[in-house]
Amino acid sequence: MLKLSLVTPAKKILTDVAVSEVFIPTTTGEVNILEGHAPLMALLDVGVLRYKLSGQNQLEQVAISWGYLEVSKDQITVLAETAETAESIDLERAQEALKRAEKTLLGPDLEQEQFKKYQLKLERAMIRVQVAQKPNDTTH
């Protein structure tokens with residue numbers, strides 16, 4: 001049995017939760033972790049962490065931003081800069097952040113550093129809106 005822990009600097013989202021499968025966005029692509037996975041350390045990307053609780057068919061979702069992943073034996077540890085469940089995301093606020101980032105990116109005279117900053121803000125806002133709007137999957 002796999003156990004999943006998800007922690008941010010501000011709070012513990014999940015602690016040793018029994019899961020059968022986890023999908024995690026990393027900087028090199030999405031990783032699918034099942035029981036018996038080889039030890040692994042990876043950098044997280046902005047995206048949707050999805051997991052199935054043991055005995056369930058439904059995928060739960062959490063919007064995450066950056067951090068680290070460690071897989072060892074039967075333990076998956078995710079240390080993320082931010083992590084939000086659908087219930088904790090203010091959809092209106094996320095949609096406003098998305099609009100602001102889009103508007104800024106379309107504006108003139110954006111320096112490269114600012115462009116990168118707002119690209120990341122746009123990506124994070126899109127993921128937050130996606131998680132807040134989408135009911136849990138029953139399939140992959």
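## Reading strands, cores and a ring contact

Modeller: Let's start with one contact: the charged end of R50 sits over the ring of F23, 4.5 Å from its centre. Keep in mind that this is a predicted model.

Biologist: Where do F23 and R50 stand in the strands?

Modeller: F23 stands opposite R50, which belongs to strand 5. Strand 2 and strand 5 run antiparallel and are joined by four bridges.

Biologist: How do I read pairs of aromatic rings, and how many does the structure hold?

Modeller: In general, such a pair is described by the distance of the centres and the angle of the planes. Here there is nothing to describe in that way, as the structure holds zero aromatic pairs.

Biologist: Let's turn to strand 1. In which sense does strand 1 pair with strand 2, parallel or antiparallel?

Modeller: Strand 1 (residues 2-7) and strand 2 (residues 12-26) pair in the antiparallel sense, over five bridges. One place to look is K3, whose bridge partner in strand 2 is A18. The two strands form a hairpin with four residues between them. With strand 7 (residues 75-85), strand 1 pairs in the parallel sense, also over five bridges. There, S5 stands opposite T77.

Biologist: And what about strand 5: which strand is joined to strand 5 by six bridges?

Modeller: That is strand 6, and the two run antiparallel. G47 has I64 in strand 6 as its bridge partner. Look also at the hairpin of strand 5 and strand 6, with five residues between the strands: G55 takes a positive phi near 80 degrees there. Strand 5 is mostly covered, with six of its seven residues buried.

Biologist: How should I read a nonpolar core?

Modeller: The general idea is that in soluble globular proteins, nonpolar side chains tend to be buried together. Here the largest nonpolar core has 21 residues, and L4, V22, I24, I33, L69, I76 and V78 touch the most other members. Strands 1 to 7 each supply at least two residues of this core. A second, separate core has 13 residues, including L98, L122, V129 and V131.

Biologist: What does V22 touch?

Modeller: Leaving out residues up to four places away in sequence, V22 touches L4, V31, N32, I33, L49, R50, Y51 and I76.

Biologist: Is T26 buried or exposed?

Modeller: T26, which lies in strand 2, counts as buried because its relative accessible area is 4%, and the cut-off for buried is under 20%. Beyond four places away in sequence, T26 touches V31, A42, L43, L44, D45 and L69.

Definitions and conventions:
Residues are numbered from 1 along each chain as its sequence is written. This is a predicted model: local features need pLDDT of at least 70, side-chain atom pairs count only at pLDDT 80 or more; totals for chains, interfaces and linings use all residues. Side-chain values use heavy atoms; hydrogens and water are left out. Two strands pair if DSSP finds at least two bridges between them. Rings of Phe, Tyr and Trp (its six-membered ring) pair if their centres lie within 6.5 Å; planes under 30 degrees apart count as stacked, over 60 as edge-to-face and the rest as tilted. A charge sits over a ring if NZ of Lys or CZ of Arg is within 6 Å of the ring centre and within 35 degrees of the ring normal. A nonpolar core is a set of buried Ala, Val, Leu, Ile, Met, Phe, Trp, Tyr and Cys residues joined through side-chain atoms within 4.5 Å. Buried means under 20% relative accessible area, exposed over 50%, partly exposed in between (1.4 Å probe, protein chains only). Contact means heavy atoms within 4.5 Å.
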